[in-house]
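Student: Please show me the structure, and let us then discuss its strands, its chain contacts and its backbone angles.

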Amino acid sequence: MNSTKNTLVLLLAGGVGSRLNILVQHRAKPAVPFGGLYRIIDFSLSNVTNSRLQKVGVLTQYKPLSLMNHLGSGEAWDLTGRTRGVKILPPRTGARDSDWYKGTADAVRRNIDFIEANPSKEVLILSGDHIYHMDFEVMVEYHRAKKADLTVAMMVVPKSQIHHYGAGTIDEKNRIIDWEEKPKVARTNLASMGIYVFDRDYLLKSLSRNKEEVDFGMHLLPWAIENDNVFAYPFYGYWRDVGTIQAYWQANMDLLNPDSGLLPEQWRIITNVESSHRIYDWPPARYGYKAELHKSMISAGCKIEGTVVNSILAPGVVVEKGAQVRDSILFEGCRVEQEAVVDLSILDKHVEVSARAMVGHGDGHKVASRSAPNHLFTGINVIGKRVTVPEGMHIGRNCSVHGYTAGDNFPGNGLSDGATLEPDGTVS
Amino acid sequence: MLKTTTLAMILAGGRVDELDVLTYGRPKSALPFGGVGRVIDFPLSNLMNSGIEQVAILSQYHSYSLINHIGTGAAWDMLGRNRGISILPPYIGSTVKEWYRGSADAVHKNLDFVQFHDPEYILILSGDHIYHMDYDDMITYHAQRDADLTMAFIRIEPSEAYRFGVANISDEDGPRGGRVLDYWEKPREQQADWASLTVYCFKPEVLYRMLALNQQQESFEFGRDIIPVMMNAGLKVYGYKFCGYWGYTRTVDEYWQSNMDLLGDKPLIDIDNWGFRTNLDQRGIRDFQPTIVGDYGTVSNSLIYNGCRIEGTVRNSVLFPGVEIGRNTLVEDSVLFFNNVVGHNCTLKKVVADVNNFYGDHVRIGEGGAAGKVTVVGWNNDVPDQTTVGAGATIWPELTESSWKKQVAAGEVLR
């Protein structure tokens, strides 16, 4: 039981991730598709498998269906067998009727029975929200070598970004000596990646101390740093929090640039190809006589007759003759009909862009979304699941269209920059 | 256990000499096809789509590649309490001492397996062909006619008749089929233009009787030995007329052509709609990332699965996962199996390349010579920079560095 591979993993996958706008309208953030074939959680989960860890609890809360479906039995990540397993841990009613998780630490506290049922020397706590490649086995060994109570994975980020993260200061032995959660003024450039290795007994003790302490970064960490042995585990590779539309788009584009360091196949990132419940396997992508491609990622099952530039296409995307797709991310089963244009846009699953429609039109990149100015302000459009964009329709910049909006409910004169369209035809 | 209605037996052991280096280490049924799968995926997908859930695969030549590909059978939903794929290799016993001596002998040696299932219909088919067929419809016809044997036939060019078992079929049921009136196995002179697909549906007790009878002979093939005996005995042999695509693919040229039939605006092989499945665990197919077409990549009229990197030009070709095409390289009219890595400034024309080959820079394959000849590269080769290989040449698998030369002539066999 002292082998590092017995380390129990708790994967926090309950976050709403609301800044991902309508991509999280019907699914939790970890279940958002990424890079054509993957979902965001595949990165954390594959790191677990590739680190030879065997027992995982996935803590869910917000719209967990898509996520549960994707995890399936855990077989894709080799997490089935007598000593292996992945368990979904949803919130449960306790003494009161409604006991939703109030924060990261609270979520773990409510699953102490799971920790107790799976004895291990350490507990690894991860978030299912990040794109990275990391060997947790090495981190646990580091934690042991430092004789730490708690080890936090940390990396250097630009000072201008530090306000998104837990920020720490370390001494020459990597002991964390100062901590500030989401600081307004940058005093350090060392950010927490939200990856913690706890000594199990220490974790149980910390959680039982004060039930009002519901968040690791806000409550448990500052206390631990003050009173116990907390070390930083330095990380130097590719790591992105894809919590905003802009960051999500950028990380996808990094796939097209081999120098970015984002290499899912080389990292052995595994996904569950069976979770889409297709009866048949995707055939190879079919490229027509007139296909034109430039720096793009194309998945099996695509049919390309038109032009695709600087874009990521998930399985089953169809780009018809004369159609153009540029700087965009198209999820599974999207169709771009003849002479249509998709520019700087993210299309959720099964979006139909009818002939001659333009999604991403004009120069209004700086006109922020009126309903969500903090989500959409760099020019990117987001079109929800199963939307049909009618023939000839023009959609400007920073627009969003809610999932399942029928073609009939689009305004006749198109969507201007910064507009949001709801399924009933309301434009805001 | 639910009783098995139809038991399918796939004859998948054959090497097929004409395919030469492509069947160097695998039976023909395990030959890659269609940019992701293997030939045997076609009959297996057909079985799945026909609702047949008990399958035996009779395998003898270099079985590992096939065993590995079949896995548990879960890829075709053939894993469950009443569903399964069993691979039946040759064995020795107190009375059995030899290899499978032919297709009929292979089935005969596994009659204990067949009789354990005690099926109502026994479907025997080859694992070597590319086609899309509803076996259930053929079995229904077999049952309606209460036939002893129903065989599937396809119309062929009469000049090709010498390669097949051919028959005259009565017009009893019009386009559906009819009684087999005459049957010739690979006739020297053209006799008829209905060729057997080697898809047989037997009434079990007739099959048992025929196999027992056949054991006293010297030759043990269904086409050559069993069917003529049944015809002579006046048993009820019916022909089921099939009119779709059928890829026989017994020569390198035919194999190449079948691959080309996947391409074009209206492909003859409509793999997108054939309900095709393969085993995605095999060769880690499921773990490849999407294909990247780079800054200088151009692709037209081609099929490319996940896991490729294209920096050059690909035309009229089929690329399996893990293929990389370097800058300024042209790949045309070619089929590149898994993990062919081609360097810069190369030209590959009308090449069929087996798995795991590396090509240096300025390599030219399929140049000059007799135009239209397919050049074949066997597996695990490291083709040195500047090498030229003429059209129609054959490169043996796993050549050592010293076996290579700068110029391989058209039609030459390098080994």
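Tutor: This is a predicted model, in which local features need pLDDT of at least 70, side-chain atom pairs count only at pLDDT 80 or more, and totals for chains, interfaces and linings use all residues. Residues are numbered from 1 along each chain as its sequence is written, and chains are lettered from A and ligands numbered from 1 in the order in which they are written.

Student: Which strands of chain A stand at the edges of the open sheet of six strands?

Tutor: Strands are DSSP runs of E of at least two residues, numbered from the N terminus, and two of them pair if DSSP finds at least two bridges between them. The open sheet of chain A has parallel pairing and the order β15-β18-β21-β24-β27-β30. An edge strand has a single partner, so one side is left without a neighbour in the sheet; this applies to β15 and β30 (394-395) of chain A.

Student: Which residue of chain B stands opposite Arg286(A)?

Tutor: Three bridges join β14(A) to β16 (residues 302-304) of chain B, and the two strands run antiparallel. Opposite Arg286(A), in β16(B), stands Leu303(B).

Student: Is Thr249(B) buried or exposed?

Tutor: Thr249(B) is found in the loop between β13 (246-247) and α8 (252-260) of chain B, and has a positive phi of about 45° although it is not a glycine. A residue is buried if 20 or more other C-beta atoms, placed from the backbone, lie within 10 Å of its own, exposed if 12 or fewer, and partly exposed in between. With 23 C-beta neighbours inside 10 Å, Thr249(B) is buried.

Definitions and conventions. Helices (H or I, at least four residues) and strands (E, at least two) are DSSP runs, numbered from the N terminus.
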